[in-house]
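Colleague: I am new to this structure and would like a close look at a single part of it, followed outward into whatever surrounds that part. Could you take me through it slowly, explaining each term as it comes up?

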Amino acid sequence: MTTVPRSTPAPLALVGFLAAVSAVAVVGSLAATRSRAVYTGLVQPGWAPPSWLFGPVWTVLYLLIAVSGWLYWRAGGTRRDFTWYAAGLVLNAAWTPLFFAAGAYTLALVEIVVLNVVLAGTLVVFRRRSEVAAALQLPYLAWTLFATALNAAIVLLNR
C-alpha cells in the first residue's frame with residue numbers, strides 16, 4: 001500500500017481538507033437554493049426535523065469530516081483507503097442536487113444508501129491508523145443514516 005506523500009506541511013494540508021469539504025458544501029448549497037420550500041412542501045413523517053436545523057448540523061459535520069481526513073492523512077493513510085473518503089465526498093455532493101434540484105427522491109434514496117456503505121467502509125479503513133479519525137466519522141454516519149430514514153419516509157409518503 002502506498003501512503004500519501006507527506007511533503008505538504010500539516011497546517012497547509014488541513015487547509016486543503018477544509019477546502020475540499022467546503023467545495024462539497026458549496027455544491028450542496030447551490031443545488032439547495034429552494035430546499036426550504038421543497039422540504040416544507042413534502043409530506044413528512046412526524047419525526048422530521050425543522051428545515052432550519054440542517055444548516056447548523058451540516059456545518060459541524062463538514063468540519064468533522066475535514067478534520068477526520070486530515071488526521072488520517074497525518075497518521076500515514078494510504079491512497080487506496082483515501083478512495084473511500086473521496087467517494088464519500090462525491091456521493092455527499094451528489095445527494096442534494098438529486099433530492100432538491102431534480103426532485104428524484106427515489107434515486108436520492110438509492111444514492112444515500114450507497115453513501116452509508118461508503119461511510120462505513122471509510123470508518124473501517126480509518127480506524128486501522130487513527131481511532132480519532134474514525135470516531136470523527138461517526139456523527140456523519142449517524143446523521144446520514146437518519147437522513148436515509150427520512151428520505152425513505154418521504155418517498156413512501158409522497159407517492
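Modeller: The buried residues of α1 pack against α3 (54-74) and α4 (79-101), where contact means heavy atoms within 4.5 Å. This is a predicted model, in which local features need pLDDT of at least 70 and side-chain atom pairs count only at pLDDT 80 or more, while totals for chains, interfaces and linings use all residues. Residues are numbered from 1 along each chain as its sequence is written, and side-chain values use heavy atoms, with hydrogens and water left out. The helix names follow DSSP runs, numbered from the N terminus, with helices being H or I runs of at least four residues and strands being E runs of at least two.

Let us begin with α1 itself. Helix α1 covers residues 10-31, 22 residues in total, and spans 32 Å from its first C-alpha to its last, close to the 32 Å expected at 1.5 Å a residue; the expected span is 1.5 Å times one less than the number of residues. Within α1, the buried residues are Ala13, Phe17, Val21, Val24, Gly28 and Ala31. Seen down the axis of α1, these buried residues fall within an arc of 85 degrees, so they line one face of the helix, the arc being that of the directions from the helix axis to the C-beta atoms. Turned away from that buried side is a face carrying the exposed residues Pro11, Leu12 and Leu30. Here buried means under 20% relative accessible area, exposed means over 50%, and partly exposed lies in between, with a 1.4 Å probe and protein chains only.

One of the partners of α1 is α3, a helix of 21 residues that reaches 30 Å from its first C-alpha to its last, close to the 30 Å expected at 1.5 Å a residue. The buried residues of α3 include Val57, Trp58, Leu61, Tyr62, Ile65, Trp70 and Trp73. Their cover includes α1 and α4, together with α5 (105-127) and α6. Just after α3, glycine 76 takes a positive phi of about 90 degrees.

The other partner is α4, and phenylalanine 100 has its place in that helix. Phenylalanine 100 is buried, with a relative accessible area of 17%. If residues up to four places away in sequence are not counted, phenylalanine 100 touches Ala31, Ala32, Ser35, Val38, Tyr39 and Trp95, and Ala31 is one of the buried residues of α1. Phenylalanine 100 and alanine 23 are 77 residues apart in sequence, and their C-alpha atoms are 18 Å apart in space.

Phenylalanine 82 also has its place in α4, and at 11% relative accessibility it counts as buried. Between phenylalanine 82 and valine 125 there are 8.7 Å from C-alpha to C-alpha, although the two are 43 residues apart in sequence. A search of the whole structure finds 1 salt bridge, a term that stands for a side-chain nitrogen of Lys or Arg within 4 Å of a carboxyl oxygen of Asp or Glu. The side chains of arginine 80 and aspartate 81 meet in a salt bridge at 3.9 Å, N to O, and aspartate 81 is buried, with a relative accessible area of 3%.

Returning to the surroundings of α3, serine 130 has its place in the loop between α5 and α6 and counts as buried at 11% relative accessibility. Leaving aside neighbours within four places in sequence, serine 130 is in contact with Leu71 and Ala75. The C-alpha atoms of serine 130 and serine 68 are separated by 9.0 Å, with their positions 62 residues apart along the chain.

Helix α6, which helps to cover α3, also holds alanine 135, a residue that is partly exposed, with a relative accessible area of 39%. Alanine 135 and alanine 94 lie 41 residues apart in sequence and 24 Å apart in space, C-alpha to C-alpha.
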